[in-house]
There are 2 protein chains.
Amino acid sequence: MNFLEERILREGRVLPGGVLKVDGFLNHLIDTQLLNKIGAEFRRRFEDVEVTKILTIESSGIAVASIAANYFNVPVLFAKKSNGVNMDSETYSAPAYSFTHHAEFHASVAKRLLGPEDKVLILDDFLATGSAAMALVDIVQQSGAVLSGIGIVIEKGMQPGGELIRQKGYRLESIAIIDKMDAESGTIEFRKL
Amino acid sequence: MNFLEERILREGRVLPGGVLKVDGFLNHLIDTQLLNKIGAEFRRRFEDVEVTKILTIESSGIAVASIAANYFNVPVLFAKKSNGVNMDSETYSAPAYSFTHHAEFHASVAKRLLGPEDKVLILDDFLATGSAAMALVDIVQQSGAVLSGIGIVIEKGMQPGGELIRQKGYRLESIAIIDKMDAESGTIEFRKL
(Lines give C-alpha, C1' and ligand atoms only; values in the text may rest on other atoms or scores of the structure.)
Protein backbone atom coordinates (compact mmCIF):
# COMPACT_ATOMS: atom_id res chain seq x y z
CA MET A 1 0.00 0.00 0.00
CA ASN A 2 1.39 3.42 -0.87
CA PHE A 3 1.40 6.59 1.28
CA LEU A 4 -1.85 7.86 -0.23
CA GLU A 5 -3.76 4.59 0.12
CA GLU A 6 -2.70 4.44 3.76
CA ARG A 7 -3.96 7.96 4.33
CA ILE A 8 -7.29 7.24 2.63
CA LEU A 9 -7.80 4.14 4.78
CA ARG A 10 -6.92 6.06 7.93
CA GLU A 11 -8.94 9.22 7.34
CA GLY A 12 -11.26 8.80 4.36
CA ARG A 13 -14.92 8.12 4.99
CA VAL A 14 -17.32 6.37 2.63
CA LEU A 15 -20.74 7.99 2.44
CA PRO A 16 -23.87 6.58 0.77
CA GLY A 17 -24.16 7.37 -2.95
CA GLY A 18 -20.55 6.59 -3.84
CA VAL A 19 -19.06 9.60 -2.08
CA LEU A 20 -15.57 9.32 -0.63
CA LYS A 21 -15.00 12.05 1.90
CA VAL A 22 -11.37 13.15 2.04
CA ASP A 23 -12.02 16.73 3.07
CA GLY A 24 -9.66 16.45 6.03
CA PHE A 25 -6.58 16.28 3.78
CA LEU A 26 -7.36 16.68 0.07
CA ASN A 27 -10.26 18.85 -1.01
CA HIS A 28 -11.28 21.19 1.82
CA LEU A 29 -8.52 21.10 4.41
CA ILE A 30 -5.38 20.45 2.38
CA ASP A 31 -2.38 18.69 3.89
CA THR A 32 0.42 20.44 2.03
CA GLN A 33 3.00 17.85 3.12
CA LEU A 34 0.86 15.15 1.51
CA LEU A 35 0.46 17.28 -1.62
CA ASN A 36 4.22 17.64 -1.83
CA LYS A 37 4.53 13.84 -1.74
CA ILE A 38 1.86 13.62 -4.44
CA GLY A 39 3.65 16.22 -6.56
CA ALA A 40 6.94 14.34 -6.29
CA GLU A 41 5.16 11.08 -7.17
CA PHE A 42 3.62 12.62 -10.32
CA ARG A 43 7.08 13.89 -11.29
CA ARG A 44 8.51 10.39 -10.87
CA ARG A 45 5.73 8.77 -12.91
CA PHE A 46 5.93 11.32 -15.71
CA GLU A 47 9.67 11.87 -15.69
CA ASP A 48 10.08 10.59 -19.26
CA VAL A 49 7.59 13.02 -20.83
CA GLU A 50 7.98 16.66 -21.74
CA VAL A 51 5.69 19.07 -19.89
CA THR A 52 5.42 22.83 -20.49
CA LYS A 53 2.13 23.44 -18.67
CA ILE A 54 0.01 21.67 -16.10
CA LEU A 55 -3.71 21.94 -16.81
CA THR A 56 -6.35 21.44 -14.13
CA ILE A 57 -9.87 22.61 -13.34
CA GLU A 58 -11.20 24.69 -10.47
CA SER A 59 -11.48 24.31 -7.58
CA SER A 60 -9.87 21.42 -5.75
CA GLY A 61 -7.58 20.47 -8.64
CA ILE A 62 -5.79 23.81 -8.19
CA ALA A 63 -4.04 22.87 -4.94
CA VAL A 64 -2.84 19.54 -6.35
CA ALA A 65 -1.64 21.15 -9.58
CA SER A 66 0.02 24.18 -7.96
CA ILE A 67 2.15 22.16 -5.58
CA ALA A 68 2.94 19.51 -8.24
CA ALA A 69 4.01 22.31 -10.59
CA ASN A 70 6.91 23.04 -8.23
CA TYR A 71 8.30 19.59 -9.11
CA PHE A 72 7.93 20.16 -12.86
CA ASN A 73 8.99 23.81 -12.76
CA VAL A 74 6.19 24.83 -15.14
CA PRO A 75 3.16 27.09 -14.81
CA VAL A 76 -0.34 25.87 -13.98
CA LEU A 77 -3.35 26.71 -16.10
CA PHE A 78 -6.73 26.12 -14.53
CA ALA A 79 -9.91 25.82 -16.55
CA LYS A 80 -12.78 27.89 -15.22
CA LYS A 81 -16.29 26.62 -14.67
CA SER A 82 -17.92 30.00 -15.17
CA ASN A 83 -16.78 33.15 -16.88
CA GLY A 84 -16.22 36.21 -14.72
CA VAL A 85 -15.64 39.79 -15.88
CA ASN A 86 -11.91 39.13 -16.07
CA MET A 87 -12.25 36.25 -18.58
CA ASP A 88 -11.25 36.57 -22.25
CA SER A 89 -14.00 36.35 -24.83
CA GLU A 90 -11.87 33.99 -26.94
CA THR A 91 -11.85 30.65 -25.15
CA TYR A 92 -11.54 26.94 -25.69
CA SER A 93 -14.58 25.44 -24.05
CA ALA A 94 -15.96 21.95 -23.41
CA PRO A 95 -19.03 20.70 -21.54
CA ALA A 96 -18.73 18.56 -18.42
CA TYR A 97 -20.87 17.30 -15.57
CA SER A 98 -20.12 17.74 -11.88
CA PHE A 99 -20.83 14.70 -9.73
CA THR A 100 -20.30 16.81 -6.59
CA HIS A 101 -22.82 19.49 -7.55
CA HIS A 102 -25.15 17.44 -9.80
CA ALA A 103 -24.91 20.09 -12.49
CA GLU A 104 -23.61 20.60 -16.01
CA PHE A 105 -20.99 23.24 -16.61
CA HIS A 106 -18.55 24.40 -19.26
CA ALA A 107 -14.81 24.24 -18.69
CA SER A 108 -13.10 27.22 -20.35
CA VAL A 109 -9.54 28.31 -20.99
CA ALA A 110 -8.44 31.59 -22.61
CA LYS A 111 -7.10 30.80 -26.10
CA ARG A 112 -4.21 33.19 -25.54
CA LEU A 113 -2.81 30.96 -22.80
CA LEU A 114 -2.59 27.56 -24.53
CA GLY A 115 -1.32 26.68 -27.99
CA PRO A 116 0.38 24.18 -30.30
CA GLU A 117 3.77 24.85 -28.69
CA ASP A 118 2.58 23.38 -25.38
CA LYS A 119 3.00 19.89 -23.94
CA VAL A 120 0.29 19.48 -21.36
CA LEU A 121 0.02 17.33 -18.27
CA ILE A 122 -3.56 17.23 -16.95
CA LEU A 123 -3.80 16.84 -13.16
CA ASP A 124 -6.87 16.51 -10.99
CA ASP A 125 -7.82 15.32 -7.52
CA PHE A 126 -10.54 12.84 -8.53
CA LEU A 127 -11.47 10.75 -11.56
CA ALA A 128 -14.93 9.17 -11.56
CA THR A 129 -17.06 9.39 -14.71
CA GLY A 130 -14.16 11.03 -16.55
CA SER A 131 -16.33 13.95 -17.56
CA ALA A 132 -14.03 16.70 -16.27
CA ALA A 133 -10.86 14.96 -17.50
CA MET A 134 -12.35 14.45 -20.98
CA ALA A 135 -13.37 18.13 -21.10
CA LEU A 136 -9.74 19.04 -20.36
CA VAL A 137 -8.51 16.60 -23.05
CA ASP A 138 -10.95 18.25 -25.47
CA ILE A 139 -9.53 21.69 -24.60
CA VAL A 140 -5.95 20.46 -25.15
CA GLN A 141 -6.96 19.09 -28.56
CA GLN A 142 -8.76 22.30 -29.55
CA SER A 143 -5.58 24.24 -28.74
CA GLY A 144 -3.35 22.02 -30.87
CA ALA A 145 -1.12 21.27 -27.87
CA VAL A 146 0.35 17.82 -27.20
CA LEU A 147 -1.22 15.83 -24.37
CA SER A 148 1.67 14.43 -22.33
CA GLY A 149 -0.50 12.53 -19.87
CA ILE A 150 -3.16 12.62 -17.19
CA GLY A 151 -2.36 12.33 -13.49
CA ILE A 152 -5.07 11.68 -10.93
CA VAL A 153 -4.80 11.60 -7.16
CA ILE A 154 -7.76 9.26 -6.48
CA GLU A 155 -9.43 7.25 -9.23
CA LYS A 156 -12.78 5.66 -8.48
CA GLY A 157 -12.09 2.46 -10.38
CA MET A 158 -15.70 1.27 -10.14
CA GLN A 159 -16.79 4.20 -12.27
CA PRO A 160 -16.10 4.29 -16.02
CA GLY A 161 -13.71 7.28 -16.34
CA GLY A 162 -10.43 5.41 -15.98
CA GLU A 163 -11.32 2.70 -18.47
CA LEU A 164 -12.67 5.24 -20.95
CA ILE A 165 -9.44 7.23 -20.86
CA ARG A 166 -7.14 4.19 -21.06
CA GLN A 167 -9.15 2.76 -23.96
CA LYS A 168 -8.59 5.95 -25.90
CA GLY A 169 -4.87 5.35 -25.50
CA TYR A 170 -4.09 8.30 -23.23
CA ARG A 171 -1.47 7.77 -20.59
CA LEU A 172 -3.21 7.84 -17.21
CA GLU A 173 -1.47 7.58 -13.86
CA SER A 174 -3.61 7.43 -10.73
CA ILE A 175 -1.83 7.37 -7.38
CA ALA A 176 -4.69 5.46 -5.72
CA ILE A 177 -7.37 3.46 -7.53
CA ILE A 178 -10.38 2.41 -5.49
CA ASP A 179 -12.06 -0.70 -6.86
CA LYS A 180 -14.71 -1.09 -4.23
CA MET A 181 -16.04 0.92 -1.36
CA ASP A 182 -18.99 0.34 0.91
CA ALA A 183 -20.73 2.98 3.00
CA GLU A 184 -22.31 0.52 5.42
CA SER A 185 -19.17 -1.31 6.45
CA GLY A 186 -16.87 1.63 5.66
CA THR A 187 -14.50 -0.64 3.75
CA ILE A 188 -12.33 0.57 0.86
CA GLU A 189 -10.48 -1.77 -1.52
CA PHE A 190 -7.65 -0.57 -3.72
CA ARG A 191 -6.60 -1.98 -7.08
CA LYS A 192 -3.36 -3.93 -6.80
CA LEU A 193 -0.94 -2.88 -9.53
CA MET B 1 9.18 48.81 -6.89
CA ASN B 2 9.02 45.20 -5.72
CA PHE B 3 9.02 42.03 -7.87
CA LEU B 4 5.23 41.85 -7.99
CA GLU B 5 4.68 45.50 -8.89
CA GLU B 6 7.20 45.09 -11.72
CA ARG B 7 5.35 42.05 -13.01
CA ILE B 8 1.97 43.82 -12.84
CA LEU B 9 3.35 46.78 -14.80
CA ARG B 10 4.91 44.48 -17.38
CA GLU B 11 2.00 42.08 -17.93
CA GLY B 12 -1.13 43.37 -16.22
CA ARG B 13 -3.80 45.04 -18.30
CA VAL B 14 -6.36 47.55 -17.09
CA LEU B 15 -9.86 47.02 -18.48
CA PRO B 16 -12.84 49.36 -18.20
CA GLY B 17 -14.92 48.94 -15.03
CA GLY B 18 -11.97 48.70 -12.65
CA VAL B 19 -10.81 45.28 -13.80
CA LEU B 20 -7.12 44.45 -13.59
CA LYS B 21 -6.34 41.50 -15.81
CA VAL B 22 -3.48 39.41 -14.45
CA ASP B 23 -4.62 36.11 -15.90
CA GLY B 24 -1.25 35.49 -17.53
CA PHE B 25 0.48 34.92 -14.18
CA LEU B 26 -1.90 35.01 -11.19
CA ASN B 27 -5.48 33.85 -11.61
CA HIS B 28 -5.81 31.74 -14.75
CA LEU B 29 -2.30 30.83 -15.89
CA ILE B 30 -0.29 30.69 -12.68
CA ASP B 31 3.42 31.39 -12.64
CA THR B 32 4.51 29.04 -9.88
CA GLN B 33 7.94 30.70 -9.59
CA LEU B 34 6.20 34.00 -8.88
CA LEU B 35 3.90 32.29 -6.39
CA ASN B 36 6.92 30.88 -4.59
CA LYS B 37 8.32 34.41 -4.28
CA ILE B 38 4.94 35.57 -2.99
CA GLY B 39 4.82 32.70 -0.49
CA ALA B 40 8.30 33.53 0.80
CA GLU B 41 7.34 37.22 1.07
CA PHE B 42 4.23 36.40 3.13
CA ARG B 43 6.39 34.25 5.41
CA ARG B 44 8.81 37.15 5.86
CA ARG B 45 6.02 39.63 6.62
CA PHE B 46 4.26 37.34 9.06
CA GLU B 47 7.33 35.74 10.60
CA ASP B 48 6.50 37.08 14.08
CA VAL B 49 3.00 35.57 14.27
CA GLU B 50 1.90 32.04 15.01
CA VAL B 51 0.04 30.27 12.20
CA THR B 52 -1.54 26.81 12.38
CA LYS B 53 -3.76 27.06 9.29
CA ILE B 54 -3.96 29.20 6.18
CA LEU B 55 -7.53 30.05 5.21
CA THR B 56 -8.49 31.11 1.70
CA ILE B 57 -11.50 30.97 -0.59
CA GLU B 58 -12.04 29.16 -3.88
CA SER B 59 -10.90 29.42 -6.58
CA SER B 60 -7.91 31.59 -7.34
CA GLY B 61 -6.92 32.03 -3.70
CA ILE B 62 -6.16 28.30 -3.57
CA ALA B 63 -2.99 28.47 -5.68
CA VAL B 64 -1.61 31.39 -3.67
CA ALA B 65 -2.44 29.73 -0.35
CA SER B 66 -1.19 26.26 -1.32
CA ILE B 67 2.24 27.41 -2.41
CA ALA B 68 2.54 29.89 0.50
CA ALA B 69 1.64 27.06 2.90
CA ASN B 70 4.92 25.38 1.95
CA TYR B 71 6.72 28.32 3.58
CA PHE B 72 4.65 28.13 6.77
CA ASN B 73 4.54 24.34 6.87
CA VAL B 74 0.85 24.33 7.76
CA PRO B 75 -2.28 23.02 6.01
CA VAL B 76 -4.57 25.14 3.85
CA LEU B 77 -8.30 25.34 4.41
CA PHE B 78 -10.34 26.77 1.58
CA ALA B 79 -13.85 28.12 2.07
CA LYS B 80 -16.33 26.88 -0.51
CA LYS B 81 -18.74 29.07 -2.41
CA SER B 82 -21.32 26.35 -2.88
CA ASN B 83 -21.99 23.13 -1.04
CA GLY B 84 -21.48 19.89 -2.95
CA VAL B 85 -22.52 16.39 -1.90
CA ASN B 86 -19.22 15.94 -0.07
CA MET B 87 -19.74 18.96 2.23
CA ASP B 88 -20.56 18.63 5.93
CA SER B 89 -23.97 19.81 7.09
CA GLU B 90 -22.35 21.58 10.05
CA THR B 91 -20.60 24.64 8.67
CA TYR B 92 -19.48 28.13 9.53
CA SER B 93 -20.94 30.33 6.84
CA ALA B 94 -20.84 34.02 5.92
CA PRO B 95 -22.31 35.97 3.01
CA ALA B 96 -20.10 37.72 0.46
CA TYR B 97 -20.34 39.34 -2.93
CA SER B 98 -18.27 38.45 -5.96
CA PHE B 99 -17.06 41.42 -7.99
CA THR B 100 -15.88 39.04 -10.73
CA HIS B 101 -19.23 37.29 -11.11
CA HIS B 102 -21.58 40.07 -9.95
CA ALA B 103 -23.30 37.66 -7.60
CA GLU B 104 -23.84 37.03 -3.91
CA PHE B 105 -22.61 33.80 -2.42
CA HIS B 106 -22.00 32.15 0.92
CA ALA B 107 -18.50 31.19 2.00
CA SER B 108 -18.62 27.96 4.03
CA VAL B 109 -16.16 25.93 6.07
CA ALA B 110 -16.86 22.61 7.77
CA LYS B 111 -16.97 23.21 11.55
CA ARG B 112 -14.96 20.05 12.12
CA LEU B 113 -11.93 21.58 10.40
CA LEU B 114 -11.49 24.88 12.28
CA GLY B 115 -11.64 25.59 16.00
CA PRO B 116 -10.45 27.63 18.99
CA GLU B 117 -7.05 25.90 18.95
CA ASP B 118 -6.24 27.43 15.54
CA LYS B 119 -4.23 30.53 14.65
CA VAL B 120 -5.34 31.54 11.19
CA LEU B 121 -3.63 33.47 8.43
CA ILE B 122 -6.10 34.50 5.72
CA LEU B 123 -4.56 34.70 2.23
CA ASP B 124 -6.18 35.76 -1.04
CA ASP B 125 -5.16 36.95 -4.46
CA PHE B 126 -7.21 40.18 -4.55
CA LEU B 127 -8.69 42.64 -2.08
CA ALA B 128 -11.19 45.16 -3.44
CA THR B 129 -14.44 45.76 -1.54
CA GLY B 130 -13.22 43.49 1.25
CA SER B 131 -16.34 41.38 1.03
CA ALA B 132 -14.61 38.00 0.66
CA ALA B 133 -11.93 38.84 3.24
CA MET B 134 -14.53 39.99 5.78
CA ALA B 135 -16.53 36.78 5.21
CA LEU B 136 -13.37 34.81 6.03
CA VAL B 137 -12.76 36.95 9.14
CA ASP B 138 -16.36 36.25 10.17
CA ILE B 139 -15.78 32.50 9.76
CA VAL B 140 -12.58 32.67 11.87
CA GLN B 141 -14.51 34.50 14.60
CA GLN B 142 -17.41 32.02 14.51
CA SER B 143 -14.90 29.20 15.02
CA GLY B 144 -13.27 30.83 18.04
CA ALA B 145 -9.85 30.68 16.35
CA VAL B 146 -7.30 33.50 16.59
CA LEU B 147 -6.87 35.67 13.50
CA SER B 148 -3.11 36.03 12.99
CA GLY B 149 -3.39 38.30 9.98
CA ILE B 150 -4.53 38.82 6.41
CA GLY B 151 -2.17 38.62 3.44
CA ILE B 152 -3.21 39.86 0.01
CA VAL B 153 -1.34 39.60 -3.26
CA ILE B 154 -2.92 42.65 -4.97
CA GLU B 155 -4.94 45.23 -3.06
CA LYS B 156 -7.03 47.67 -5.06
CA GLY B 157 -6.33 50.66 -2.84
CA MET B 158 -8.95 52.82 -4.53
CA GLN B 159 -11.67 50.47 -3.27
CA PRO B 160 -12.69 50.46 0.40
CA GLY B 161 -11.65 46.93 1.50
CA GLY B 162 -8.15 47.74 2.72
CA GLU B 163 -9.19 50.76 4.76
CA LEU B 164 -12.14 48.87 6.24
CA ILE B 165 -9.91 46.03 7.42
CA ARG B 166 -7.14 48.29 8.77
CA GLN B 167 -9.68 50.43 10.64
CA LYS B 168 -10.96 47.35 12.41
CA GLY B 169 -7.43 46.80 13.66
CA TYR B 170 -6.65 43.62 11.76
CA ARG B 171 -3.13 43.19 10.53
CA LEU B 172 -3.19 43.41 6.75
CA GLU B 173 -0.18 42.91 4.47
CA SER B 174 -0.65 43.48 0.75
CA ILE B 175 2.32 42.80 -1.50
CA ALA B 176 1.14 45.34 -4.09
CA ILE B 177 -1.35 48.15 -3.47
CA ILE B 178 -2.76 49.88 -6.52
CA ASP B 179 -3.88 53.43 -5.79
CA LYS B 180 -4.88 54.37 -9.28
CA MET B 181 -5.40 52.66 -12.60
CA ASP B 182 -6.77 53.90 -15.84
CA ALA B 183 -8.12 51.75 -18.65
CA GLU B 184 -7.73 54.38 -21.35
CA SER B 185 -4.05 55.16 -20.82
CA GLY B 186 -3.27 51.75 -19.31
CA THR B 187 -1.42 53.35 -16.41
CA ILE B 188 -1.15 51.77 -12.96
CA GLU B 189 0.09 53.63 -9.87
CA PHE B 190 1.21 51.81 -6.75
CA ARG B 191 1.08 53.09 -3.19
CA LYS B 192 4.55 53.98 -1.93
CA LEU B 193 5.12 52.48 1.49
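Two strands count as paired when DSSP finds at least two bridges between them. In this predicted model, that rule places S6(A) beside S7(A), where A:Thr91 has A:Ala110 as its bridge partner.

**Relation of the chains**

Chain A can be laid on chain B by a rotation of 180° with 0.0 Å of shift along the axis, and the RMSD of the superposition is 0.0 Å. This is how a two-fold axis relates two copies. The interface residues fit that picture: 100% of those in chain A are interface residues in chain B as well, so the copies meet through the same surface.

**The interface**

Each chain has its share in the contact, with 46 residues from chain A and 46 residues from chain B. Between them the two chains bury about 3600 Å², and carbon and sulfur atoms account for 55% of that area.

Polar and charged pairs also cross the interface. Side chains of opposite charge can pair when their charged atoms come close. The rule finds four salt bridges between chain A and chain B. One of them joins B:Arg112 to A:Asp23, with an N to O distance of 2.8 Å. In addition, 23 residue pairs, both members at pLDDT 80 or more, are in polar contact across the interface.

Which elements of chain A supply at least two residues each to the side that touches chain B? They are strands S2 (19–21), S3 (29–30), S5 (76–79) and S7 (103–110), together with helices H2 (32–45) and H3 (61–72). H3(A) gives the largest share, six residues. By residue class, the side of chain A that touches chain B holds 18 nonpolar, 19 polar and nine charged residues.

**Sheets that span both chains**

Strands of a sheet pair through backbone hydrogen bonds, either parallel or antiparallel. One open sheet has seven strands in the order S11(A)-S10(A)-S9(A)-S8(A)-S4(A)-S5(A)-S3(B), and its pairing is mixed. Its edges are strand S11 (188–190) of chain A and S3 of chain B, each of which pairs on one side only. The step from one chain to the other in this sheet is the pairing of S5(A) with S3(B), residues 29–30, which is antiparallel over two bridges. There, A:Val76 has B:Ile30 as its bridge partner.

Another open sheet of seven strands, again with mixed pairing, runs S3(A)-S5(B)-S4(B)-S8(B)-S9(B)-S10(B)-S11(B). Here the edge strands are S3 of chain A and strand S11 (188–190) of chain B, each paired on one side only. Within this sheet, S8(B) and S9(B) are joined in the parallel sense by eight bridges, and B:Leu127 stands opposite B:Glu155.

Three of the strand pairs are set out below.

| Strands | Sense | Bridges | A bridge or facing pair |
|---|---|---|---|
| S5(A) and S3(B) | antiparallel | two | A:Val76 and B:Ile30 |
| S6(A) and S7(A) | antiparallel | eight | A:Thr91 and A:Ala110 |
| S8(B) and S9(B) | parallel | eight | B:Leu127 and B:Glu155 |

**Local features**

Strand S6 of chain A covers residues 91–98, and eight bridges tie it to S7(A) in the antiparallel sense. The two strands form a hairpin with four residues between them, and A:His102 in this hairpin takes a positive phi near 50°. S7(A) is also among the strands that supply residues to the side of chain A touching chain B.

A:Asn73 likewise has a positive phi, near 55°, in a residue other than glycine. A:Asn73 sits in the loop between H3 and S5 of chain A.

Where in the fold do the residues joined by cis peptide bonds lie? In chain A, such a bond links A:Glu58 and A:Ser59, with omega about 0°. A:Ser59 belongs to the loop between strand S4 (53–57) and H3 of chain A. In chain B, B:Glu58 and B:Ser59 are joined by a cis peptide bond, with omega about 0°. B:Ser59 lies in the loop that connects strand S4 (53–57) with helix H3 (61–72) of chain B.

Over all chains, the structure holds 28 salt bridges. Among them is the pair A:Arg7 and A:Glu11, whose closest N and O atoms are 2.8 Å apart. Both residues are in helix H1 (residues 3–11) of chain A, and the four residues that separate them in sequence amount to about one turn of the helix.

Technical notes. Residues numbered from 1 in each chain as written. Chains lettered and ligands numbered in written order. Predicted model: local features only at pLDDT ≥ 70, side-chain atom pairs only at ≥ 80, totals over all residues. Heavy atoms only, no water. Contact = heavy atoms within 4.5 Å. Buried area = accessible area lost by both parts, 1.4 Å probe. Salt bridge = Lys/Arg side-chain N within 4 Å of Asp/Glu carboxyl O. Polar contact = N/O pair within 3.5 Å; in protein donor to acceptor, adjacent residues only side chain to side chain. Nonpolar A, V, L, I, M, F, W, Y, C, P; charged D, E, K, R; others polar. Least-squares fit on C-alpha atoms with pLDDT ≥ 70 in both.
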